[in-house]
Amino acid sequence: MNRRPAAVVAWLLCIALTAGCWDRTEISDRVFDLAASADLKENGTYMIAGQFINPSRMEESPKGGSGGSKSYFIETGTGQSALESIQKMRQKLSRVITRGHRRNYYIGESLAKNGIKDMLDAFSRDPGNRIRLDMWVVKGGTGLQALEVPYPLEKIPAVAPFKIHKAVGGTTGTTYLDYLMASSAEGESPTLPVVDIVKGSSPQKTIRFYGRAIFNRDYRLVGYLNFVEGAYRQWILHKISYLDLVEEVPGAGGSVGVVISRFGSKVKSSVTPDHKVKMRIELSGAGQIVENHTNLDFRELKNLTLAQNAVNRQTSEHVSAMIGKVQKQYGTDVFGFVQTLNRQHPSEWKRLKGQWEHIFPGIEVTVNVNVNLKYFGLVGPPLQFRESEIK
Amino acid sequence: MKLSGYQLFWLIFTMAFGMTALFTVSLPIAVAKQDAWLSTVLAALISLFTTFVAVRLSLLYPGQTFIEYSQVILGRWLGKIMLLSYLATWVSLTGIILREYADFVYLALFDSTPLWIVILVMLGASVYVTCSGGLRGIGRCGEIIGPISVVGCLLIIIFSVNDWDWLRLLPVYANTGLLPIAKGSLLPASFLGESFIVVMLIAFMPKPRRAQISALLGVAAASAAVLAMTLIVVMTFGPNIPARLIYPLYSAVTYISVMEFIQNIDVLAVLLWIVAIFIKLSLYLFVTSYGSAQFFGIKRWKNTIWFIVPMVFVISLLPRNFDIEMIYTKFWLAVIYPISLVGIPLLLWMVGSLRKRTLSH
C-alpha cells in the first residue's frame, strides 16, 4: 500500500497549520503601554492618557536632541467613560496597545475624590492586563501631569515611581490587588500609594513619593497619610523593608537618626466584657544609628539604651497619633483591625460585623514600638566635638 | 493493550489534577471562604472512597471491563439500559471538556483564532494517540506528561512563595462551619471522582491487584496537588477575590513575579493544563469508543472512534456561551455525579459481592 501521497498531504497540512497564527500581532504593530492615567475633567468627562514607548528612540538619550525625540510619547483620549476615552485614544494610535508591561496607573486627585469604582474592573477582567499593577493617586494634580514629568534617571519616566516605591522600602506591584482585597472585605478600607509633583529649589519638576491615600467604602478618596505616617501604617501591616527615623533624645542636646531594618509587627485584639474593642500594637525592628547630633558616646551601654528608649517612646507616640488621626478624621479602618479581630476573636467579629464603621473610631489603641539599636556605625561620639562636650 | 500500575498512577494523577485545579477552586472558596482547603481535604476523602469502590468493583471481575461485568451483575437488559446512560455521559462529558479547554485557551491565548480550530487541533491529537496507540499509547503519554505536570505544580508553588500570606487562612472554621465546607467539597470531589474511569482500565492490567494502590495513590497525589493550589490561591488573593474569578489559579500564576525577573509565566501554566486535558480527553475517548464497541458488539473497537469523534466535536461547539457550560456543570453536580459516579458503583459493588458470595457457597 502506497501511503506517500497521504503523508505529503499531512505534511503540508502541518506546515500550513503550525507556521501561521491567527492571533499574531507583529511587534511592529504593537505599542507598549508602560503607564497610563485617568482623570476626571471639570466638565465631568474622563480623560485617559498613556505613556508609550517610542521604540526607535529607545537607544538614544532620553532628553537628547531637539524636542520630540524622546524615548516615549504621551497620547490622550477624552470621553464619557473610561472605555470611550481609550477608544478615542486609539483613534490616534497606529498600533495596537499592549498592556502586558504596564506597571503604573495614575489617578488624578479629582477623579479619586469623585470615586474610582468604575476604574477598577477592567484591570482584572481583561486578560491582556496584569493584576500586578501599582495604582497611584496624584496629590494635587492630574494623572496626565504625572505622566508628563520627565524623570532624569530613567529612560521611561513611568518606571520612576515604581522604583522609588521599592527604594523607600515598599512592596511593589501589589497595590491594585491590596485595594481589591481591602474593599471586598467586610469593614476594611482600601488605600493607594500617592505621588505628587514637586518643583523645589532644583530646576526641574519631579515626581515624589508622597505617602498613602485613604479611600472610604464608596471608593472615594477621603484623605492622605504623609510619607512617615504611611510608613508607620505599612509597618503595622508588615509591608515595609526600610525606614529611617529622626528622633530627639531629651537631655542629650540633639537628635539621632536611625535606619530600621528587619521589621516585626504584632497586633493583639481584645474585647472587654462590655464589648469595647481594644488593639495592642507591638512594632519591632533592628536599628542602626546613622546620624548622631547628641553628645552621647554610644560605646557606653547606658547611652545607647537612653537613645533607644527615646526613639521607641517618641515613635510610639507618633504611631499612636497617626492612628488617632485616621480614627478621628476619616473613620476608615486601613490597618486591617477588622481582620485581626476576626482572626483572634471570630465570634465577636460575627457579632460586630455590620457596625464596624461605628466601632472603629472608638477602638482603644495602644502602641508599643520596640526598636533594638544594634549598631552605631564607625564612630562613637561625634568626631568634631571637644572632649569636654562629650558625655 | 496493556497498562502497568505505574502508568495508571500517572494517568489518574494527570487527569484529576489539571482540571480540578483549574476549574474547581473558585466554588469552594465562594462557599467556604478561607476554609476552602478543608473542603479540598474532604473532597479528597470522598474521592478516595469512591475510587476505592470503583477499584473493588472491578476486581470482583478481573479481566472484564465495566461494560461486561455490569451486564453480569445487573442482568443483560437492565445492564444495557444503565450502560447507555454511561455512554451518553461519557460522550457529552468529552465534548464539554473539549469546550472548556477551548474556552480557556481562547481567554488566555488566542482570541481571534476560531474556536473550532482550537478544538480540532486538540481533538486531532487525542484521536491520533487513541487510534495509533490505544490504551498503551495513552499510558505512555501519561508516564511522560504526568511528571511534567508535577514539575509545573512544584514550580507554581516555589515561584508563588513570595505572595503567600498565611494570615489569610485564618480564622480556621470559625467563619464558616460544617455545612459550607461540605458544600464546597462537592465540586472538587466530583472532578477528582472521575477516577471512576478505572473501571474501564483495570481489565487491561496484567496485574490487576496493583490497581488499587496505584489508583488510590493517584487520587491522593492529585488531591494533595489541588490542596496546595487551593492554599496558594487563598494565601495570594484572600477569601473574597478568588470566589469571583473564573480561573483563580490562572490569575494567581499571572500574578507571580519573582524578583521582577520571572514574570508573565502564565503560558507555562496554560501548557500544563493543556497536557492534562489532553490525557483526560484521550482517556475518555478511549473509554467511550472501546466501551461502545463492547456494548454494540463491534469487533474492531477503533471503528467506533469515527462515530464518536463527530458527536464530541458537535457537542463541544453547541454551547453558545460560558453560562451554558455552567448549566452542564450544575447538571453534572446534581445528577451525574451522585448517581453515576457514587450511587451506581456502590450499588453494583454491593450486589456484585453478594452475588460472588452466594455463588461460592
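B:Ile181 sits in helix α7 of chain B, where helices (H or I, at least four residues) and strands (E, at least two) are DSSP runs numbered from the N terminus. With a relative accessible area of 6%, B:Ile181 is buried; here buried means under 20% relative accessible area, exposed over 50%, and partly exposed in between, for a 1.4 Å probe and protein chains only. Setting aside neighbours within four places in sequence, B:Ile181 is in contact with B:Ala32, B:Asp35, B:Leu38, B:Ser39, B:Leu42, B:Tyr173 and B:Thr176, contact being heavy atoms within 4.5 Å. B:Leu60 is 121 residues from B:Ile181 along the chain, and their C-alpha atoms are separated by 34 Å.

A word on conventions: this is a predicted model, in which local features need pLDDT of at least 70 and side-chain atom pairs count only at pLDDT 80 or more, while totals for chains, interfaces and linings use all residues. Residues are numbered from 1 along each chain as its sequence is written, chains are lettered from A and ligands numbered from 1 in the order in which they are written, and side-chain values use heavy atoms, with hydrogens and water left out.

## Nonpolar cores

Which residues have the most contacts inside the largest nonpolar core? They are A:Tyr105 and B:Phe66, in a core of 157 residues. A nonpolar core is a set of buried Ala, Val, Leu, Ile, Met, Phe, Trp, Tyr and Cys residues joined through side-chain atoms within 4.5 Å. Beyond four places in sequence, the contacts of A:Tyr105 include A:Ala36, A:Ile48, A:Met119, A:Phe123, A:Leu133 and A:Trp136. Apart from the largest core lies another, of 48 residues, with A:Leu245, A:Val256, A:Val277 and A:Val371 among them.

## The annotated domain

For chain A, an unreviewed UniProt entry lists residues 211–377 as "domain: Spore germination GerAC-like C-terminal". UniProt positions are given in the numbering used here, feature names are shortened, and annotations may be inferred rather than shown by experiment. Over residues 211–377 the chain is 35% helix and 38% strand, and the end C-alpha atoms are 29 Å apart.

## Backbone details

Three residues deserve a look in the viewer.

| Residue | Backbone feature | Angle |
|---|---|---|
| B:Pro171 | cis peptide bond with B:Leu170 | omega about -5° |
| A:His238 | positive phi, not glycine | phi near 65° |
| A:Arg262 | positive phi, not glycine | phi about 50° |

B:Pro171 is in the loop between α6 (115–159) and α7 (178–192) of chain B. A:His238 belongs to the loop between α8 and β10 (243–249) of chain A, and it counts as partly exposed at 49% relative accessibility. A:Arg262, in contrast, lies in strand β11 (residues 254–271) of chain A and is exposed because its relative accessibility is 61%.

You may also want to find A:Lys353, in the loop between α11 (346–352) and α12 (356–359) of chain A. A:Lys353 is partly exposed, with a relative accessible area of 35%. From A:Lys353 to A:Val338, 15 residues apart in sequence, the C-alpha distance is 8.5 Å.

## Pockets and cavities

The second largest pocket has a volume of about 1,400 Å³. On a 1 Å grid over the protein atoms alone, a pocket is an open set of points with protein on both sides within 12 Å along at least five of seven lines, and a cavity is a set of points where a 1.4 Å probe fits but cannot get out; lining residues have an atom within 4 Å of a point. Grid points are joined across faces, edges and corners, and a volume is the space filled by probe spheres set on the points.

This second largest pocket is lined by 47 residues, with A:Ile97, A:Asp126, A:Pro127, A:Gly128 and A:Asn129 nearest its centre. Both chains take part: among the elements that each supply at least two lining residues are β1 (30–40) and α2 (82–90) of chain A, together with α5 (76–108) and α11 (266–296) of chain B. The largest share, 6 residues, comes from α2(A).

There are 5 cavities of 30 Å³ or more. The largest cavity holds about 120 Å³ of space. Its lining has 14 residues, of which A:Val168, A:Gly170, A:Phe209, A:Ala231 and A:Gln234 lie nearest the centre. Two or more lining residues come from each of β8 (206–215) and α8 (227–236) of chain A, and α8(A) gives the most, with 4 residues.

## Cysteines

How many disulfides does the whole structure contain? The search finds 0 over all chains, a disulfide being a pair of cysteine sulfur atoms within 2.5 Å. The sulfur of B:Cys141 has its closest cysteine sulfur in B:Cys131, 14 Å away, so the two are too far apart for a bond.
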